[in-house]
Amino acid sequence: MIDIHSHMLPGVDDGSPSLAVTKNILARYVEEGVDKVICTPHQHSDLLRPALLKERFAELQRNVSEFPVGLYLGAELYYCENIVDLLASGQFLTLAGTKYVLVEFSTRHEMVYIPDAVYELSVAGYVPIVAHIERYPYFPLKQWAEVRENGGLIQLNASCFAKKENLGLAKKALKGGLVDFIASDAHGDVHRRVDFSAAKSFVNKKFPKYSDALFGSQNALGL
Ligand SMILES: [Fe+2]
């Protein structure tokens with residue numbers, strides 16, 4: 001199983017603060033049956049540092065070889081108008097060097113531009129994955145369908161299955177066949193930790209036909 005959204009690269013964002021915490025996160029991944037993880041530190045137009053992220057990622061790989069987890073580097077990109085230019089110039093990182101990109105949008109502004117932004121990225125040759133859509137509960141479901149029609153994919157955080165207030169959206173999105181990834185968005189080993197248990201039991205019970213696609217050994221990225 002793969003986790004495509006994780007802030008486990010230590011000391012580069014609001015995720016893991018240290019190698020020790022990252023090792024605890026990796027131990028959780030092993031317990032949860034996750035054998036591939038894409039490290040996705042935050043990047044936004046004022047905080048790019050691609051060389052530093054690559055250097056820290058190489059350092060991490062050297063320090064955690066005892067864990068049977070394949071690690072890849074990517075980023076969680078904060079949407080901005082010049083996102084395509086930043087990707088093309090290598091300033092923004094794609095997921096594991098593929099054409100897949102993990103994108104988050106502001107929750108403070110009108111969200112109607114998300115389908116257009118997804119279209120813009122698709123036309124440029126990328127496959128945008130919209131991160132944690134449960135954060136936009138007021139965004140109509142039909143617009144998420146439009147996101148997928150425009151070449152985008154959709155990710156829910158595993159944690160939203162543990163909160164009753166988010167289950168409605170998760171259920172509707174799954175029912176509509178709109179969910180492509182469930183990811184941890186892990187930030188630490190205590191709070192916002194790796195825990196797929198609620199997500200797995202919900203999907204296995206209510207939507208077993210998606211269990212393999214969401215938690216199986218194959219993934220859309222071909223990793
Ligand atoms: Fe994140």
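Student: Is Phe139 buried or exposed?
Tutor: In this predicted model, residues are numbered from 1 along each chain as its sequence is written, and side-chain values use heavy atoms, leaving out hydrogens and water. Local features need pLDDT of at least 70 and side-chain atom pairs count only at pLDDT 80 or more, while totals for chains, interfaces and linings use all residues. The cut-offs are under 20% relative accessible area for buried and over 50% for exposed, with partly exposed in between (1.4 Å probe, protein chains only). Phe139 has a relative accessible area of 4%, so Phe139 is buried.

Student: Thanks! What is the relative accessibility of Trp144?
Tutor: Trp144 also counts as buried. That is because its relative accessibility is 0%.

Student: How many aromatic pairs does a search of the whole structure find?
Tutor: Rings of Phe, Tyr and Trp (its six-membered ring) pair if their centres lie within 6.5 Å; planes under 30 degrees apart count as stacked, over 60 as edge-to-face and the rest as tilted. With that rule, the search of the whole structure gives a number of aromatic pairs that is eight.

Student: Is the pair of Tyr79 and Phe105 stacked or edge-to-face?
Tutor: The two ring centres of Tyr79 and Phe105 are 5.1 Å apart. There are 25 degrees between their planes, and the pair is stacked.

Student: How many residues apart are Tyr79 and Phe105?
Tutor: Tyr79 sits in the loop between β5 and α3 (83-88), and Phe105 in the loop between β6 (100-104) and α4 (114-123). Helices (H or I, at least four residues) and strands (E, at least two) are DSSP runs, numbered from the N terminus. The pair links distant parts of the chain, and the residues apart number 26.

Student: Are Tyr79 and Phe105 buried or exposed?
Tutor: Tyr79 shares its label with Phe105. Each of the two is buried.

Student: And what kind of pair do the rings of Phe139 and Trp144 form?
Tutor: The centres of these two rings, in Phe139 and Trp144, are 4.6 Å apart. Their planes stand at 70 degrees, so the pair is edge-to-face.

Student: Which residues coordinate the iron ion?
Tutor: Donors are N, O and S atoms within 2.8 Å of the metal (3.2 Å for Na, K and Ca); water is not among the atoms, so sites may look incomplete. Here the donors lie at 2.0 to 2.3 Å from the iron ion. They are NE2 of two histidines, an OE and an OD, supplied by His5, His7, Glu76 and Asp185.

Student: How many residues apart in sequence are His5 and Glu76?
Tutor: His5 belongs to strand β1 (residues 2-6) and Glu76 to strand β5 (residues 76-78). The pair therefore ties together parts of the chain, and their separation in sequence, in residues, is 71.

Student: Are His5 and Glu76 buried or exposed?
Tutor: His5 and Glu76 are alike in this respect. Both are buried.

Student: Is Asp212 buried or exposed?
Tutor: Asp212 lies in helix α8 (residues 211-215). Its relative accessibility is 63%, so Asp212 counts as exposed.

Student: What distance separates the C-alpha atoms of Asp212 and Leu73?
Tutor: Along the chain, Asp212 and Leu73 are 139 residues apart. In space, their C-alpha atoms are separated by 24 Å.

Student: One more: what is the phi of Ala96?
Tutor: Ala96 lies in the loop between α3 and β6, and it counts as partly exposed because its relative accessibility is 26%. Although Ala96 is not a glycine, its phi is positive, at about 55 degrees.
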